[in-house]
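Please read the points below with the structure open beside you. They concern aromatic rings and the groups that lie against them.

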Amino acid sequence: MRYNEGNKQPKGRHLLMYPETQKKIEEMLKNAVFPGVTYTFIDKDKTETRMIGSAAILPEQEALRVGLLYDVASLTKVIVTTTLLLQLHEEGKVNFEDPVQAYLPEFPSDAVTIRHLLTHTSDLKGYIKNRDELPAEELAAALISLEPGENLGKKVCYTDTGLILAGFIIEKLTGKSVEDNFEERIKQPLGMTESTYRPADLLRCVPTQNHPIRGVIRGVVHDPKAVILGGHCGSAGLFAPMQDLIRFSQMLLHFGEWEGQRILRDDSVRSLLQDWGGVPGQPRALGWNLFQNGENFVLWHTGYTGTFMILDPMRQKGFVLLSNRVHLEDRRPEWIAVRDELIAIYLKEALEEKAE
């Protein structure tokens, strides 16, 4: 693994992995899409990691360095919640076609299944009055009381509510918080030693938004529902450094096992490479989104703060990008446009590049 800090390459060194993708990333930095970025390419057991730009602009300029923790935002959905549910499915404790009501009796609809939650086809109507002012118990009760709309099972409508409810189901099945389940079932066996819901050293965290009320957010999760729910939140809340996300990615790229630790069964990972949503033109895996790249489905997911993961287990290739694009200003439409351009460049290069 190579960490190359700054914008300049060492003399005599040529980029070997995805040069057009790296060129686009440098263009994005130049255009202030984000203040800085850490990214990794994976090709089987080979990795290349680079850091360019700054970790922080306010309260003062701060360089990126190895080991900083990023608020990975919605990557929590796939790293934590989806993985835990796959483990519980392997143990026979949950079926994805079971109604949510079987685990959360207070949930109002008997038609919504766990699969609907994980594929964002539940059409849950997410408005909650004074949501960000509610204490945790009241917010949880309000989320559980949400009802589906007329597009249940017919349309993919991305929402964090489904994965929050999935987290509550995990807690009902195990008697432990989402956070504790992550610590015991994923973090410790996989050696993701620095990943946490509760960073002890805030200065080791890359800051996010300069919020009008909260100020520069650093070491506290950006997402307002995750702030309230804490370690009970299945949709956001995880902080992680790149080295831990490489380990998680390698686990999936090697069909559930990495360095002698089996986190998921081979068939569980293969099941992710299928369309579970059933909505034409909008393929969704359990928890993950899907790209069709050549003959393969490729797993991908994004995080609001400026993160994403693209994993192709069939080719054992991956691309993980961590940025704090909301620091200092949240320019989401611009981010989505250039992010999608970047991903398209990478997917094209991934098809063309031969494994060494």
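1. In this predicted model, a good place to begin is Arg270, which lies over the face of Phe255 at 4.2 Å from the ring centre. A second arrangement of this kind involves Arg325, which lies over the face of Tyr304, here at 4.7 Å from the ring centre.

2. Turning from charges over rings to rings beside rings, the model holds 10 aromatic pairs. One of them joins Tyr18 and Phe41, whose ring centres are 4.7 Å apart and whose planes make an angle of 40 degrees, and this pair is classed as tilted. The class follows because an angle under 30 degrees would count as stacked and one over 60 as edge-to-face, with the rest called tilted.

3. What does the pair of Tyr18 and Phe41 tie together? Tyr18 lies in the loop between strand E1 (3-5) and helix H1 (19-30), whereas Phe41 belongs to strand E2 (residues 36-43), so the pair links parts that are 23 residues apart in sequence.

4. Are these two rings buried or exposed? Tyr18 is buried, with a relative accessible area of 0%, and Phe41 also counts as buried, at 0% relative accessibility.

5. Phe41 also pairs with Tyr39: their ring centres are 5.6 Å apart and their planes stand at 70 degrees, so this pair is edge-to-face. Tyr39, like Phe41, is buried.

6. Finally, these contacts can be placed in a wider setting, since Tyr18, Tyr39 and Phe41 belong to one aromatic cluster together with Phe308, Phe319 and Tyr346.

Conventions. Residues numbered from 1 in each chain as written. Predicted model: local features only at pLDDT ≥ 70, side-chain atom pairs only at ≥ 80, totals over all residues. Heavy atoms only, no water. Phe/Tyr/Trp six-rings, centres within 6.5 Å; stacked < 30°, edge-to-face > 60°. Helix = DSSP H or I, 4+ residues; strand = E, 2+ residues; numbered from the N terminus. Buried < 20%, exposed > 50% of the residue type's maximum accessible area, 1.4 Å probe, protein only. Lys NZ or Arg CZ within 6 Å of the ring centre and 35° of its normal.
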